[in-house]
Amino acid sequence: MNIKSTFLVLCCLTSILSCKNSNTTIVKHHKSHEESRKNVPFSDVVQVNNLYFLTGQIGKDHKNGKIVEGGIEVETKQALENIKAVLNYHNLEMEDVVKCTVILADINDFSKMNIIYRSFFKENLPARTTFAANLVAGAKIEIEVVAARK
């Protein structure tokens, strides 16, 4: 190769190798919009590009700071309403949810929970995992979701 050709090849290689990937990942940690949750030691939502990972919600009424009374059905409804409020705050809807994790204090509450759950998710059902574990604050249910902005 002559010097001009070698120089041209080196310039091209340098140009190609020095290009940066323009597909950078954007990660944002969002604090809660609820005044009662402003100082919690976790993010309410972590956004990674168009995905929104929501912190789990229990059946707590954030206005009075107490778990709603009435059993698994009422707690399930409140947890899902809490999720809906967080999604709405970020201009998302329940239809944007692509994955749910449902944690029950008592796996025997599965059928009752599922009736309420179905009233919030009717079409384009998200993938879901359900299991039982000990939950904080005496909660009967905790639900976390991942949503995707379309």
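Select the lining of the second largest pocket in this predicted model, and colour it by class: two residues are nonpolar, six are polar and six are charged. The space enclosed there is about 170 Å³, and of the 14 residues that line this pocket, Glu 34, His 62, Lys 63, Asn 82 and Ala 85 are those nearest its centre. Next, highlight helix 2, which spans residues 72-89 and supplies five residues, the largest share of the lining of this second largest pocket.

Keep His 62 selected, since the residue is named again at the next stop: together with Arg 37, Phe 42, Ile 58 and Lys 60, His 62 lies nearest the centre of the largest pocket, which has 13 lining residues. The volume of the largest pocket is about 200 Å³, and its lining divides into four nonpolar, six polar and three charged residues.

Now release the pockets and show the protein chain as a cartoon, where three helices and nine strands can be picked out. Stepping through the elements from the N terminus, you pass them in the order α-β-β-β-β-β-β-α-β-α-β-β.

With the whole chain still selected, turn to contacts: among those with a separation of 6 or more, 65% join residues that are 24 or more positions apart.

Finally, switch to a surface view, in which the protein chain has an accessible surface of about 9,800 Å², with 55% of this area belonging to carbon and sulfur atoms. Colouring the 150 residues by burial completes the tour, and 35% of them count as buried.

How values were computed. Residues numbered from 1 in each chain as written. Predicted model: local features only at pLDDT ≥ 70, side-chain atom pairs only at ≥ 80, totals over all residues. Heavy atoms only, no water. Helix = DSSP H or I, 4+ residues; strand = E, 2+ residues; numbered from the N terminus. Buried < 20%, exposed > 50% of the residue type's maximum accessible area, 1.4 Å probe, protein only. Contact = heavy atoms within 4.5 Å. Areas by Shrake-Rupley, 256 points an atom, 1.4 Å probe, with all protein chains shown as cover. 1 Å grid on protein atoms, 1.4 Å probe; cavity = no way out; pocket = protein on both sides within 12 Å on 5 of 7 lines; lining within 4 Å. Points joined across faces, edges and corners; volume = space filled by probe spheres on them. Nonpolar A, V, L, I, M, F, W, Y, C, P; charged D, E, K, R; others polar.
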